[in-house]
Amino acid sequence: MPNEAIYLWILTLTAFGLFGRRVSRYVRVLLAARPEKRWDRVGRRLRLVLVNVLGQRRLIEEPVVGVAHLVIFWSFVFFAASFFWNLVRGLLPFLPIPYADEVPWMSAALAVSGVAGLLALSVAAVRRYFFPPPRLEKSKDASIILGLIAVVLLSSLAGQWFRTSAPAVSRAMWWVHMVTVLGFLAYLPYSKHLHLLASPFGVFFASLQPGKLPEASSGAARREEFTWRQLFSGLACAECGRCDRSCPAFQSGSALSPKMLMHHMKELARGTAAGHTGAVFVGDVITREEIWACTSCLACMERCPVMNEHVPVLIEMRRHLIGEGDMDESLQQALKNLTRYGNSFGAAPRARPKWTQQLDFSIKDARKEPVHYLWFVGDYCSYDPRVAAATCAAARVFHKAGVDFGILYEGEHNSGNDVRLAGEEGLFESLRDKNRNSFARAHFNEIVTTDPHSFQALKHEYPPENGASSVLHHTQLLRQWIVNGDLPLRRKLHMKVTYHDPCYLGRYNAIFEAPRHVMAALGLTLVEMRRNRTYAYCCGAGGGRIWMEDPPVFKERPAVTRVREAAALEGVRTLVVVCPKDLVMFQDAIKTTGLEGRLEVKELSELVEQAMG
Amino acid sequence: MHILVLLKMVPDVVEELEIAPGGKALDLEYLRMILSESDDHALEEALVLKERHDARITVLALDAPEVDDALFTALAKGADRAIKIVGMDAGLSTRQAARVFSQTIAHEPGILPVDLILTGVQAIDDLDGLIAPLVADDMGLPYLGIITRLDLDAPKHLALAVKEYPGAVRGEFEVNLPAVLGMQAAEKPPRYVPVAKVRATMKSRTVDCLPVPTLADGGWPAVQVVEMRRNEPAGHAEMLEGAPTQVSERLCGILAEHGLL
């Protein structure tokens, strides 16, 4: 039927034309953005696609809608294949091939996936309209897309059903199907369901090291100042709200919503962000309060099904604000202190090793004599009087275990982790260089640190020039010593405890089991909080937040939420931490919630010391 | 409008101070120098005024350890020119320091004309706050100190200054320019300038060095340091420790002992 073919040609060219016009505009925007290398390790990237696109791993974390989405996805894939098959056959009628649904096995597969797809769609619709989770975007757009998918599936099923009994109806259905899909194709790049097209690429080009910060830059405030992958995050976002549901800043009622951040990035990439009205993207569209609210805990990125990168986007904006001198007064003071004294406390560098005076033995100076382990103590462990007991306990444990270790004394400076996340790249580099100089003057084999934030910086942001073969967190060493029988544990501590995974040890470095192994060896019974391991709820201190004032409108500080979660566990009176910032934040939260006497915070080293007798 | 800001480095008291052998001065070997806090406020106020009015800022400092950092930071913040006066002996008296400033301003070509001279009202080594009034006196200019708000009426060539007085009273002043003003606090805390910007400034800008002017011999100083020593603590605070009930009992006991209960 040549006439039909002509109509189909016209429709196809129109739909692909509209589609191509929009997509080529996005491509031009991405090409004009800052470059970012994402073509390395193709095999690993394809595996990510396999797991997260074809397998939809992160979607299934929310099982009901996750499975429904998986079914819709696969039936969509099937129907897309059938569509292109039919399109080629329809456009080129002289080809000696049947239509897809005339092939028995394909027809059967379409019928099965069509019915499964419709069922899954109804699950999605019921969830969306009757039991929506918090932060799910309920837009007209989503309804249009759900409706279009339903028409695509129904028309195909009806076409097959009537093929022999009513060929005319069947043909009409075929046309409904083709027109709907072509319409869908044209509409797609204009809708939020652009994620359908963009997210597989987003996953392929995802960061292989999600905690790694963007290359040094002077920050970003305008479209072309972001990297193409940062802009792409906006395009891939489906606005499902998983990021908001996991975000401590959002949950505690601060200005930041990672979902809205991505939404605005999408508007920026599309050119529809407030730019036209004269508003400034960073400052008016995305406010200062939002930008500074992030604790850099990485929960949003860990949960995002399309592997978007919220934290790096915020860091770029922070770099821009720092360049403008636009920051919280207390952050400003902390940065001034770090610039001058190498610590955020504004204390004398010579006072850094003062805590060691509480010990009845002296610690080697790694700059003066060789040691096996160089202990990078970190600012909070060194200066904060609330952490001194835990730092001394760690020192005594190392000492009693007969470990050859030393510290840098006043040669140590803040590692720069929080500084970098606060967006002060130049100060980070200066601190890193000072520490590298100290490392170069010291003699040691490995670095160990009691601070997960320093751990992150030393392990991932200093190499290759930090001079150490490896960087370890003290819980990894403790486990190693326990496994080798090198840690003389004299008594079992029969206590029920719970444990908080620090963001920078857990989500950033996937060290979940070492501290749990140590707790088990001490005889502790670990009762997990609901949110543990990658789900752990941040204490609210990271990313420089510990130096900033709380926002004026705050529902509940993250640390308070977290200690309440711990205190609600039956029979648990101890919250074990392995990060000095957690110790400070939770001790404080326990005081403000009146949970004193009901819950106490212990650094793991203190418990190890108890067990060593 | 040309604003001149006088900067002075002072001992950083975050570091533990040591008295030099001889007991008449601080031991410079263990000392770190930092920009005097109220001078930093004077610079901030100058930058605010520059943003508000079309002004040019020159910062002028006496040579001291770490003064270059302070001057490059000032340039990075927005100062237009930085000058360091070099070649003087360490340990100038306040009067001598003021003379060095006023003589340099008056005689070095390229500094005058100046519309406004701002400096910190006080420094930890000039608690009397004498530098600014001495400079004003030397130069025959009006002086006003302890200023907490400042603005300019450029067409009338006036400075509008606010001073806070005890008893919640504030005074507003008009000062004819040129004048020397001693700043207590800028209207906002001194700004932060990113390290990268300071580094870039160090590469792209320079600090001008001027030789110290020859001062007329002032004779034997009338005020001399006899001895400098650390404060000896007069008493110690007693920390009450233990369970809340024990602490509160002990507290009641102490209050009763002193006849307060």
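Reader: What makes a residue count among the 34% that are buried in chain B?

Author: A residue is buried if 20 or more other C-beta atoms, placed from the backbone, lie within 10 Å of its own (exposed if 12 or fewer, partly exposed in between). Of the 261 residues in chain B, 34% are buried. This is a predicted model, in which local features need pLDDT of at least 70, side-chain atom pairs count only at pLDDT 80 or more, and totals for chains, interfaces and linings use all residues. Residues are numbered from 1 along each chain as its sequence is written, and chains are lettered from A and ligands numbered from 1 in the order in which they are written.

Reader: How many helices and strands are there in chain B?

Author: Chain B has six helices and 11 strands, where helices (H or I, at least four residues) and strands (E, at least two) are DSSP runs numbered from the N terminus.

Reader: Why is α18(A) called oblique to α26(A)?

Author: In chain A, the axes of helix α18 (residues 388-400) and helix α26 (residues 604-612) cross at roughly 45° and come within 8 Å. Angles under 35 degrees count as roughly parallel, over 145 as roughly antiparallel, 65 to 115 as roughly perpendicular and the rest as oblique. The crossing angle therefore makes α18(A) oblique to α26(A).

Reader: Which residues of α26(A) make the contact?

Author: They are A:Ser605, A:Glu606, A:Val608, A:Glu609 and A:Met612. Two residues are in contact if their C-beta atoms, placed from the backbone, lie within 7 Å. On α18(A), the residues include A:Ala389, A:Arg396 and A:Lys400.

Key. Axes fitted to C-alpha atoms, helices over the stretch in contact; angles between N-to-C directions.
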